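Me: Please take a close look at the aromatic rings in this structure, and tell me how they are arranged with respect to one another. I would also welcome a few words on the surroundings.

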Amino acid sequence: MGMAQPNANLISSDKVEGTAVYDAAGNKIGAIDHLMIDRASGSVRYAIMTFGGFLGIGEGEHPLPWKAFRYDTNLGGYIADVTEDQLQNAPEFAGEESWSDRDWESRLHKNYGSSPYWEDTTTSTSRDQSTLR
């Protein structure tokens, strides 16, 4: 039986959920509620954050592209590389139906200045999608 390596880069999703999120100045702005994972590639695409009324934004779920986050070992949480304006001007999240609207996803990525994951040529989606249904 293999031994777990304490410095491994992999982490269980249940360890990410509830993790604090900070702004670039190190101020806590919310927490990760859950992740959205691409069914075909297995890659994390979005983190759904809860802000709890941060910066005038009502409490609720706010999706951010996963690429907007980086983990900070000193803080023990994620830093979201986003601005107050980006958070306030993000397209309104309408729950599950938002994920079937590619135009909405495009606006979300444009708002955060990130390239959409479906345009990322470094992500492998070569697995047979018919076996994933």
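**The aromatic cluster**

Reply: In this predicted model, ring pairs join Tyr46, Phe93, Trp99, Trp104, Tyr117 and Trp118 into a cluster. A search through the whole structure gives ten aromatic pairs, and one of them is formed by Phe93 and Trp99, whose ring centres are 5.5 Å apart and whose planes stand at 55° to each other, a geometry that counts as tilted. Phe93 and Trp99 are both buried. Trp99 also pairs with Trp104, and here the centres are 5.4 Å apart while the planes meet at 85°, which is over the 60 degrees required, so this pair is edge-to-face. Trp104 is buried, as is Trp99. Trp99 thus takes part in a tilted pair with Phe93 and in an edge-to-face pair with Trp104.

Turning from the rings to another buried side chain, Leu87 belongs to helix H2, which covers residues 84–89. Its relative accessibility is 9%, and because buried means under 20%, Leu87 counts as buried. Leu87 and Leu64 are separated by 23 residues in sequence, and their C-alpha atoms lie 9.0 Å apart in space.

On the surface, Asp14, Glu17, Asp33, Glu61, Glu96 and Glu97 form a negative patch. Within this group, Glu17 sits in the loop that runs between helix H1 (13–16) and strand S1 (20–22), and Glu17 counts as partly exposed because its relative accessibility is 36%, in between the limits of 20% and 50%.

Notes:
Residues are numbered from 1 along each chain as its sequence is written. This is a predicted model: local features need pLDDT of at least 70, side-chain atom pairs count only at pLDDT 80 or more; totals for chains, interfaces and linings use all residues. Side-chain values use heavy atoms; hydrogens and water are left out. Patches are made of residues with over 30% relative accessible area and no salt bridge: like charges are joined within 9 Å, nonpolar side chains (Val, Leu, Ile, Met, Phe, Trp, Tyr) within 5 Å. Accessible areas come from the Shrake-Rupley method with a 1.4 Å probe; for residues, only the protein chains shown count as cover. A salt bridge is a side-chain nitrogen of Lys or Arg within 4 Å of a carboxyl oxygen of Asp or Glu. Lys and Arg count as positive and Asp and Glu as negative; His and the chain ends are not counted. The place of a charge is taken as NZ of Lys, CZ of Arg, CG of Asp or CD of Glu. Helices (H or I, at least four residues) and strands (E, at least two) are DSSP runs, numbered from the N terminus. Buried means under 20% relative accessible area, exposed over 50%, partly exposed in between (1.4 Å probe, protein chains only). Rings of Phe, Tyr and Trp (its six-membered ring) pair if their centres lie within 6.5 Å; planes under 30 degrees apart count as stacked, over 60 as edge-to-face and the rest as tilted.
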